[in-house]
Structure formats: structure tokens, C-alpha cells
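Colleague: Can you walk me through this one? I have some short questions.
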Amino acid sequence: MKTAYINDVAYPYEEGDTLLSFIRRHADENLVPTLCDAPNLDPFGACRVCSVEISQEKDGPMKTVASCHTPVVEGQFIYTSSKRIQKLRKNIIELVLTDHPLDCLTCEVNGNCELQTVAAQVGIREVRYPEGENHLEREKDLSHPYMTSDLSKCINCYRCVRACDEVQGEFVLSMAGRGFDAHIVKGLDQSFMESDCVSCGACSQACPTSAISDIFQSKAIQATETTRTVCTYCGVGCNLDIAANSGEILSITAPYDAEVNQGHTCLKGRFAFKFYNHPDRLDSPMIKRNGHFEKVSWDEVYDFITEKFKHYKETFGPDSLAGISSSRCTNEENYLMQKFFRAVIQTNNIDGCARVCHSPTALGMQRTFGTGAATNSIEDLKHTNCILVIGANPTDAHPVTGAKLKQFAMKSDSVTIVIDPRRTELARYATHHLALRPGTNVAVLNMMMYYIIAEGLVDEGFISKRTEGYQDFKEELMQIDLNELEAVSGVPKEQVREAAIAYATAANAMSFHGLGVTEHSQGTFTVMQIADLAMLTGNIGRKGVGVNPLRGQNNVQGSADMGVQPHQGAGYLDVTKDEVNQRYNKFYGTTVPKHIGYKIPEMFQAALEGKLKAIWIIGEDVVQTDPNTQKVIRALEATELVIVQELFMTETAKYADVVLPGASFLEKSGTFTNGERRVQAVRQVVEPIEGSKPDGQIIVELMNRMGYAQPEYTPDGMLEEISQIVPFFEGIRWERLGKNGLQWPVAANGTDTKILHQEQFKRGLGYFEFHNWEESQEITAHGKEYPYILTTNRELEHYNCGAMTRRTANEKILKSDYLMIHPEDAAANLINEGDFVCLESPRGKVDVRARITDEVKPGILSTTFHFPDIMVNNITSDIHDSEAMCPEYKVVAVRIRKSKGKYKKQLQDR
């Protein structure tokens, strides 16, 4: 083993060690001070405070070097604290302090300032240099809802610039000027608000002083406690350190030791938390009487619900009741919700957002691999050579993972393939962007696989050993008409060929897909094709490969794992199978039904037909987010008892007969499962607001009221129960989760699984099955009368229906939904930037403000759906995936004109 010496003591070093990392591993972590170094940034060497002396022999000639970026050499002698080094460090800090305001006692980072700490460490008691020119007159920038700067306190360490570049990949911050005039600039020397800053806060967290900070003063030391938990927004599963004092949340930072996000998070995770104590929070159960909500006690509302539930069950049967659970709730709460309906009500009428948005992922991957979850981890980006991103805009919808994908795409030796109708941010950096027409994913992927086979690039060994159905698949695939598919998709076949060859010839290739794959009439078939691509090229079962769905909500994966779907119970066990039914009956101590229950669209149809009498909805604003809003409203109005459990009076809650105030992620404990199958601990930070209760507690209390004995809700107790019925949770225990959680399947001894299908697939052999492209019924039925295709997208600043983010300062950054329209289409319809556009489909009309851009092709429109005053889903259709009944949000036939609608004035006032 190779060794080097620290202060004459020999220690082994590792390949790639710098002097600083070597010293920190073997000696005191704080032995060598630093200012420009940060855990999530590359070594830089700007401040030289980390200087040490080195020699290639004992008592040999010395050389002074910056330890942060100097590599260790075998036999090297490193001296960390000689008198010369101590004098050098002290002199550097003295020079820094000549151009730094000495207002430490009133500074927000007093007591947590790295400059202050290093100054004390090197022994600064006075500054020997006389007062000279300085930059103390620099004005503060308070223009932004979150970000602040006071560059009079900047020490030119470049950490903010590097964080913006290396972590977020945004390149907003840079250094202008030279020598004494060198200074940080934002964008084109703009304010934070004017610049292209995405408000991720990476620069604020990186800054060693308070030169760049945020409105929450997240580096201040006012907090009396810090709690590690998991973000409530997208499925990335970022870890958060939440600072609180006396029951009030002060700020959020991102821990550097988090495997998921390594000290990074987006503006929602870091800053958009003030919804938790917003005045709009529901603070009491309510029952609607004579058209108005009345606040009632918990006892009264439980009595009311119990009486109604028992009446409907006895009078109309268990299937007259249904539940919709929430991907914003914990695993334990989702498990309890499905258990309530299966064991207490005795119906399989339980569904949720996990099935609505990603059911084609689960079904398609189950059919092909046997397991409907990500095969690999995001960390595998370090080991891949090619990424295929299809139907996803991760820099907006999954920002921390999106930043990593963007960093990958910007590397000159990497291959990035983006298949998306829009020129997304990632597409700008892509090696290949296949800008297909919405609804033609199957066509383009069939073309890709055709070329891989035709060019002789298949992995014959993998196919013969680990798959079945290939010959039949190949015979059908090779009969496709490339010219026809080129015409319908709008993608030149030569572009498809080049992308196919790039994917197939990469040593390792990973795919990532989102709702632009699943929310189509052929969503399940598209997922199967993505899996086929991986099998065709042998990109399964090792680091840097695989099929990786990007989950939209924080616990989409977990809610499906827990059985929030009408055809599969907890652990994806088929409810129709005798052995599964017997297992559930024994475990729950009651008779669980064997027939498949209602999916959400079927619930609404059953309500309209008078079959569904009661529905309990937790944390889902179906009126705003489900397709064909007017049909959803009619269904809710036709249901005799609608119970909505929520944080706010959402559009859905307005149609409720009973409203139950639930708790936010900050007010309860449990687990979320992110898109990598990583089960992580959600830890309570503050008490639920007065009058509300954790959602799991509400379910448990209603179970007991219904006569089904259930122990008091605790996360560790629920995990213990779940581990006994969900096979891949067998080894998961609360105390084993630690800081970074466990990736299922987890063995009984607690060993987790980073990569699936390494030796064989869950189903045995991977399964090839050909599916031809078919036009959406939306286009065949309405395309001539409604010639434009509308698709939907998310924006970085808001989340889903916006119920949480619209109650934070995010609304100051993005204030309304908008419509992306190509300049040719805008000109043809006399539409100017900012005009209101009337979007009309066979279901209705909405007015949306125009954003003219060439990010969409002519004939294609795209809009967001975060604001209830627009209600875009008034115009989306009932058409759904042929296999999983996932709504087809991504293909809506519309026509457009400049708006003269009755809502235009209201929207302009907004």
C-alpha cells in the first residue's frame, strides 16, 4: 500500500487523493483551514488559505502548495502547521479583512461565518495593514423573492460561481473585472430578479460569508434544533435539514452527506415551505349543511362518517364506496388507506395518483421485467456513456436530477438523446433531439429498434440467455413502414437512425422517462418499448444502464408499492389470485374481496350512474388535475357523500360534504419512497397546526370507529406491519433507515439493492412483445375540426395544482399559466406576445396568455396547469391508455383564436 507522511507520521493514501482530502481523512478535520473549498465542489485553489509545505524527503527542500488541488505523491512529507505556513495563512486573512466590513456582531452569519472561523483559527487579533481602497459601498440586492446579496462582504472565493456552474449548471454567476476590480456579477450585470437565476440557493449555501444569502437567513444560528427529513415535492427525494425554533420553521438547507442530492435542492425544496402555516390552512373538520360548511368537532365528524359508511355498505354493498389516496402522503398512510377500504369496507375500490400518472410504467415494466420500478440509481450517471430522456423535462419537473442530467449532457464526450415535442432545456444540450409530434412515441421507438436490428447492433448473447419472444418481435418489427412513421411522427428517419446507433453503440446507456411517455393512449406500450430497447442492447443489470422512470410526486412510487390501486394490493400482489386472497384474509383477519375494483375514471362513471354513493379523497385535487373537469364535477355532485382530506380548501374540497384537515410533511413522521426505490425517513419538524391531525392518525381513528381494531399510528409500528406483507420491504425497519434510507428490495438482514435484474429478471426471462403505432382516438375523432395539438407541461416554480406553491413567494416568480405557441401559428391567428388565447376543444374553452416561442413546432401548443383560474383540464379528454387507463393529457385536439372571452378581464386583473 502506498504511503505518505503527515507531520512525519506515515499514512496510506488512495488513488486520486489531494493533500487536503488525505489530511482530513487521517488527521484533524479542521487541521488545515479553507475558504474556497466546499464538499460538493471541485478543488479550485483560489484562497490559498489551505497552503501546506511538502518535501519529497525528510528534512529535504520545502515547497509551499495549495493542499486542496495538489495530488498526494508516494513518500511525500506534508507539513500542515509550520511557522512559515501559519504566518502565510495569517497574512492572507489580514489582506482579506482589509476589504471586508467588520460588522460581525450584527451580521446574519455571526457565529456561523467561515471567514470569522478561519480568522480565529489563524490567530487574527488585529489587522496590521492601514486602511486603503475598498468595496464597502456596494449596494445590497433585495430584488428577488428569495435570493439576496451584499457583495461588500464578498471575498472572491468563487464558490458561488462554481456552485452555479458545477452543481446547478445554470452559469448565471460569474466574475467580472480584474485584480482589485474583480467582482461577482449576475447574468449581464443584472439583479437576481432580472437574471436567469432559477433560485436553487446553491450559491447561498456555498457562500462562506453572507455575501450571497436568502430571505430566510439560512446560515444564521437562531435555530435551536435541526431536523433531517425528505422533501414533499417531486420524486427525486431530496434530503433537507430544517432549522426550527420554538415550533416555527426558520429555514431549509441541503445536507452534503445526502446520497440523493449531495447538498443541492431546487427552489421548491429549499424555499417553498411557508405554506405549512399559511392562513388558508384548514384548521377544523367541517360538514356541509344547507350549502355551507360548518366547523365541527372530531368526534362529531367521525360519528357522521361512520354512520354514513356503515349505511352505504349495508344498504348498497361495499362497492358503493371508494377511496382515492395521495402520493403526497407517507407510505404508512397510503398503506392504511388501502387497508381501510380492503379490510374495513371490503372493497378494492382504491386508487390514486400513482396509478393515474405512472400506471403504464408499472404495468409495462412488470410485463417486460416483472417489476415496475427503476432498475438503477441516479448515481449511475457517473458510470454511463449515453442517456436517453423521453417524455420528460427534468430540469423543471425533477430539478436536482435534471441538473445532474444537464451536467452530463454538457460534457463533450457524452451522448444525450432527447425525445420530446418541445425543445426543452435538456434538448438544447442534446447530441440528438427527436422533436416528434405528440402521440407518436411508439412510432419513433419502433424506428429506433428497427435500425438497431438492421445495423446488426443487438446484444445477441444477452437476448439468447435472458429474454424470450424475440424472434416473433423481430419479425413484426422489421415489417414496419419507415416512411409512414417518419411522416406521422415528423422526425426524419435519418435522425432516428443516428440516435439509435448512438444508443446501441454506447458502452453503457441509461434511459429516463416521464409523463410524456405514460400519459398517452399507448403509454404502456411505450414503456414496454423503452424496456425492449434496453434488452435489445444488453443495457440491464449493471451500473450505468437500465430503465429509470422519473416520478412526478414525492411518493408516487411508495403509494403504488403500498397497494393504492384496484387490481393489486400491498406489494403488487394480484387481488384476483386465490393464494393472494387467502394471504390477505389471514393477515388482515377479515374477508378481502377478489374482484378488481374501480379505477378513478370508473369511480366517476359509477357515480354518474348512481352506483357510487360515497368517496373519500385524500390529498388529490381531482377537479383541477384530472381530465375533463366538468365531468369530474358532475360525478362529485352525483355522489351522496364526498369526503376530502386536505391542507387547503382546494377546488375539489369545495364540492365536498365533509372536509378533514390533514397535516403537511413537516408535521408528521413516516417514509417516502423516491424514484430510485429508496425508502427514506420523513421526520416530524413541528406539531400539526391546531385543529388538524396527521393523515395516518385520522385513518386509524376511523378504522377503530368502524369496529376494526388498529393500534395507534406510529411510523415504526406501521413499517413493522408493512414488512410482514410487502415482500420487498422485509428488512426495512425505522431504525435501519438512517440518513440515506434503503433501496428495495431489502433482505431480512437489512441489505438493500442498488441495481435490479443483475442475474435474472423478476419474471424469469425478459419479455419482448411488438406493438404497432396507432393514432390517438382524440385525433381521429376531432383532428379535422380541431387542427392543433395541445400538450401539457410543468414549470419549475410550481408543483401540480399549485395548492402549496401558490401559497409561497414562488407565485411572485411565476404568476400564471401560459400557452407556448410557435411564431407561425401566432401570426396566422393574429396573436401577439401576452395576448389571451381562447383554447377550444370538444369539451370546452379556456383563456390562456400566449408565450410565443420556437420551443414548440408549428401546429403544437403546450400549456401549464398550476392555477385554478385557468382550469386547463376543462378541455382535456376522457381518452386513456388502452391498458392502464392512465389519462391522455398529452394529446388534446384544439382550435385557437385571440380571446374575447368573458374571463379575459379577470385574468388581466390578476
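Modeller: Go ahead, and keep in mind that this is a predicted model. A place to start is threonine 639, in the loop between helix H24 (629-638) and strand S26 (641-646).

Colleague: Is threonine 639 buried or exposed?

Modeller: Buried. The relative accessible area of threonine 639 is 5%, and the cut-off for buried is under 20%.

Colleague: What does threonine 639 touch?

Modeller: Leaving out residues up to four places away in sequence, threonine 639 touches Ala607, Leu612, Lys613, Ala614, Ile615 and Asp657.

Colleague: And which backbone oxygen does the side chain of threonine 639 reach?

Modeller: The one of alanine 635, at 2.8 Å.

Colleague: What does the residue after it, glutamate 640, pair with in a salt bridge?

Modeller: With lysine 613; the N to O distance is 3.7 Å. Glutamate 640 is in the loop between H24 and S26, and lysine 613 is in the loop between helix H22 (600-608) and strand S25 (614-618), so this salt bridge ties together parts 27 residues apart in sequence.

Colleague: Which of these counts as buried or partly exposed, starting with glutamate 640?

Modeller: Glutamate 640 counts as partly exposed, at 43% relative accessibility. Lysine 613 is buried, with a relative accessible area of 13%.

Colleague: How many salt bridges does the structure hold?

Modeller: The structure holds 46. One of them joins aspartate 257 and lysine 739 through their side chains, at 3.0 Å from N to O. Aspartate 257 sits in the loop between S12 and helix H6 (267-271), while lysine 739 sits in the loop between helix H26 (715-725) and strand S30 (742-743), and the two are 482 residues apart.

Colleague: How accessible is aspartate 257?

Modeller: Aspartate 257 is partly exposed, with 37% relative accessibility.

Colleague: What is the salt-bridge partner of glutamate 667?

Modeller: Arginine 281, and the closest N and O atoms of that pair are 3.0 Å apart. Glutamate 667 is in the loop between strand S27 (658-661) and strand S28 (670-673), and arginine 281 is in the loop between H6 and strand S13 (286-289), so the salt bridge ties together parts 386 residues apart in sequence. Both glutamate 667 and arginine 281 are buried.

Colleague: Why do such side chains pair at all?

Modeller: Side chains of opposite charge can pair when their charged atoms come close.

Colleague: Changing topic. What is the strand order in the open sheet of three strands?

Modeller: The order is S10-S11-S12, and the pairing is antiparallel. Strand S10 (225-230) and strand S12 (248-253) are the edge strands, each pairing on one side only. On average, neighbouring strands of this sheet are turned by 30° against each other, with direction ignored.

Colleague: How many bridges are there between S10 and strand S11?

Modeller: Six, between S10 and S11 (residues 239-245), in the antiparallel sense. As for single residues, valine 230 has asparagine 239 in S11 as its bridge partner.

Colleague: Last topic, threonine 791. Where is it found?

Modeller: Threonine 791 is in strand S32 (residues 788-792). At 6% relative accessibility, threonine 791 counts as buried.

Colleague: What is threonine 791 in contact with?

Modeller: Not counting neighbours within four places in sequence, threonine 791 is in contact with Leu861, Ser862, Thr863, Tyr889 and Lys890. A polar atom of the threonine 791 side chain lies 3.1 Å from the backbone oxygen of lysine 890.

Colleague: And how many Å apart are threonine 791 and glycine 738?

Modeller: They are 41 Å apart in space, C-alpha to C-alpha, and 53 residues apart in sequence.

Key: Residues numbered from 1 in each chain as written. Predicted model: local features only at pLDDT ≥ 70, side-chain atom pairs only at ≥ 80, totals over all residues. Heavy atoms only, no water. Pairing = 2+ DSSP bridges. Helix = DSSP H or I, 4+ residues; strand = E, 2+ residues; numbered from the N terminus. Axes fitted to C-alpha atoms, helices over the stretch in contact; angles between N-to-C directions. Buried < 20%, exposed > 50% of the residue type's maximum accessible area, 1.4 Å probe, protein only. Polar contact = N/O pair within 3.5 Å; in protein donor to acceptor, adjacent residues only side chain to side chain. Contact = heavy atoms within 4.5 Å. Salt bridge = Lys/Arg side-chain N within 4 Å of Asp/Glu carboxyl O.
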